[in-house]
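Q: Could you walk me through one part of this protein up close? I'd like to look at the surroundings of the second ligand and see how the pieces next to it are put together.

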Amino acid sequence: MKWNWKKNKSLPFQDVFGPAESTITHVTYDSRKIQENGCFVSIPGNNIDGHTFIPDAVHNGASTVVGSDRDTLTQYAASFPAVTFVLVEDSKTAMADYAAHLHHHIHKKMNLFGVTGTNGKTTVTAYIRSMLNNLGEPAGIIGTAGVWSKKSKHPFKPTTPTTPEAADLHDIFASFYEEGTRTVAMEATSIAIDLKRLHGLEFEVGVHTNLVSEHMEFHGTMENYKRAKLKLFQQSRQAVVNLDDDGMAQDILNMFGGPVWTYGIRRSADIMASNIRTDAGGSSFLLTVQGRSYLARAPVFGEYNISNTLAAVGSCLAAGYSVSEILCSLPGIQGAEGRFQIVSDYPGKQIILDYAHTPDALELVVETVKSLPHKRLILMITGIGLRDPAKRPKMAAAVEGKADHIIVSVDHPGPYNRQRIVDDVASGFHDPEAENIYKRKHREDGIHKALSLSENGDLIVITGLGFGGYQVINDQHVPYDELEVIDSYFQENRQLS
Ligand SMILES: CC(=O)N[C@H]1[C@@H](OP(=O)(O)OP(=O)(O)OC[C@H]2O[C@@H](n3ccc(=O)[nH]c3=O)[C@H](O)[C@@H]2O)O[C@H](CO)[C@@H](O)[C@@H]1O[C@H](C)C(=O)N[C@@H](C)C(=O)N[C@H](CCC(=O)O)C(=O)O
Ligand SMILES: Nc1ncnc2c1ncn2[C@@H]1O[C@H](COP(=O)(O)OP(=O)(O)OP(=O)(O)O)[C@@H](O)[C@H]1O
């Protein structure tokens, strides 16, 4: 696409140096991804200033370089006269605007659901996707579980854990649109919102799950964290709000002017669930929508997943589906990988994998599994190197005395000392040296230890960040496959002491 920077008034910028016209085939923030006729957006990062990589980007074929540092751009414009240099006030918002322009603002033709909240985002997006697909509306998801169109997993290589950078998002929307997936349920994390990855998007529905303390290492205070999440609702036409949540439900209701569907189990709301009964195949419950009740069934476990189901029901109601259509789609609802995933490949072993990585999430999972038949409960919990260290001992406190054996291990150590992370978690137990507590510095060893402790009839519950395809070790994304790790135990029948 040829861009004439001076003539096209819809492209915001402050100044242009070099040729006023440039050909652009892709927009990216990473010089290593630049190819012929790429538009490189230099972003001042946490580690290094993206302006440093301008020569690399030009060498790799950039026709256009965007940045916010006037002096640097004018210097490079003199060295590379064939390249267009575009000065902007804010590189991140410019990147979102330019990526949208490159793809002819296709996002405006798409039906976007944005899900925010501390816990449950991935699950709710997966539920919405499966319900809409069951209802005949091709829907995809974008989030921690990866990028899935209606058909299959997208070959997108993530550079962020959950919500991709704006340039990547617009590429994904374009490829979804091309293959006929016009509806997307995506996770809208507070960090992504603060870092303007969602700049310019308009959501048909903004969905809220809950707000408890998380990501303090980024936001610093709960107020900042909440403020970031609230911004999603400034970009949404309708809202789905969990009234059971004390963290931010009322704040959304106070600020939001559009149509709202509220949901809740403990508090009166537009959409409610009661009389919840769980069996080996899932849960049955009374679904009440605006005062009328219906018998509903869904293959989900635990009250929190009923709550997540209500969020998905609210999203489908907001999208215009009737209650009877929704009731038909509920039995086909599907969760995301690793979210209360039951592994039934190994006879005699009952294994449940769950992404719980906050103290609250951990408590809920343990409460839920306790209602399933079992002899002993063997539980693995983790401390996350790359997240707020203050949370680590709280993970132990959340489960103390609630399992027969507890294994403490590590997720995403990053550059941090593994032993320190394990010890930080264990310090939350009254007696960190108790004989039913085992410390393992590597997730793989923790899982093998849990399996080696188990006998027939025991329930093995492995929690933490085992899904996503990698673990961050130092500054490397090292490939990691949870199911392979489990399988290797049975292949080797290894017994760790
Ligand atoms: C805090 C944060 O969001 N960091 C993201 C940010 O990294 P950074 O600011 O450290 O980047 P940097 O290393 O200083 O580099 C600066 C710029 O130079 C560029 N560069 C760098 C090297 C090079 O050779 N060429 C080049 O052009 C980089 O692409 C970048 O644009 O830009 C990188 C490139 O996109 C991201 O990979 C990185 O996400 C890291 C991996 C991360 O962990 N992000 C987390 C905090 C995050 O975003 N999490 C949220 C919430 C998760 C959840 O709760 O579920 C999420 O939405 O994922
Ligand atoms: N509605 C909920 N309330 C509380 N806890 C929940 C809820 N839904 C899920 N959880 C717990 O949180 C864990 C993570 O769930 P999920 O991946 O859906 O959340 P998330 O918000 O996407 O988290 P992340 O952004 O960190 O990936 C689950 O495995 C479960 O233990």
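**Around ligand 2**

A: Let's start with the helix that matters for your question: H12 gives 4 residues to the shell around ligand 2, the largest share of it. Keep in mind that this is a predicted model. The shell has 22 residues in total, and the closest are Asn119, Gly120, Thr122, Thr123 and Ala356. H12 isn't on its own, either: H4 and helix H10 (303–318) also give two or more residues each. Sorted by class, the shell comes out as 6 nonpolar, 11 polar and 5 charged residues.

So where does this spot sit in the whole chain? The domain assignment splits the protein into domain 1 (2–102), domain 2 (106–332) and domain 3 (341–496). Ligand 2 lies between domain 2 and domain 3, because both of them give residues to its shell. The centres of these two domains, taken over C-alpha atoms, are 27 Å apart. The domains also touch each other directly, with 13 residues of domain 2 in contact with 10 residues of domain 3. On the domain 2 side of that contact you'd find 6 nonpolar, 5 polar and 2 charged residues.

Now follow H12 away from the ligand. This helix covers residues 359–370 and lies across strand S19 (350–354), S20 and S23, running at about 165° to S23. Another helix, H13 (residues 392–399), packs on the sheet too, touching S20 and strand S21 (405–411), and its direction makes about 165° with that of S20.

The sheet under those helices is an open one with 6 strands, in the order S18-S19-S23-S20-S21-S22, and its pairing is mixed. At the edges are strand S18 (341–343) and strand S22 (437–439), each of which pairs on one side only. On average, neighbouring strands here are turned by 20° against each other, ignoring direction. What holds strands like these side by side? Strands of a sheet pair through backbone hydrogen bonds, and they can do it parallel or antiparallel. For a parallel example, take S20 (residues 377–384) and S23 (residues 459–463), which pair over 4 bridges. Zoom in on that pair and you'll see Met380 standing opposite Ile462 in S23.

Next, go back to the ligand and follow H4 instead. H4 (residues 121–134) lies across strand S8 (111–116), S9, S10, strand S11 (183–187) and strand S12 (203–208), and runs at about 170° to S9. Those strands belong to an open sheet of 10 strands with mixed pairing, ordered S10-S9-S11-S8-S12-S13-S14-S15-S16-S17. Its edge strands are S10 (146–148) and S17 (292–298), each pairing on one side only. Here's an antiparallel example: S9 (residues 139–143) and S10 are joined by 3 bridges. Within that pairing, Ile142 has Val147 in S10 as its bridge partner.

One last bit from the records: an unreviewed UniProt entry lists residues 338–464 as "domain: Mur ligase C-terminal". That span is 31% helix and 24% strand, and its end C-alpha atoms lie 9 Å apart.

To put the picture together: ligand 2 has H4, H10 and H12 each giving two or more residues to its shell. From there, H12 leads you to S19, S20 and S23, while H4 leads you to strands including S8 and S9.

Conventions:
Residues numbered from 1 in each chain as written. Chains lettered and ligands numbered in written order. Predicted model: local features only at pLDDT ≥ 70, side-chain atom pairs only at ≥ 80, totals over all residues. Domains from an automatic or database assignment. Contact = placed C-beta atoms within 7 Å. Nonpolar A, V, L, I, M, F, W, Y, C, P; charged D, E, K, R; others polar. Pairing = 2+ DSSP bridges. Axes fitted to C-alpha atoms, helices over the stretch in contact; angles between N-to-C directions. UniProt positions renumbered as here; feature names shortened; annotations may be inferred. Near = placed C-beta within 6 Å.
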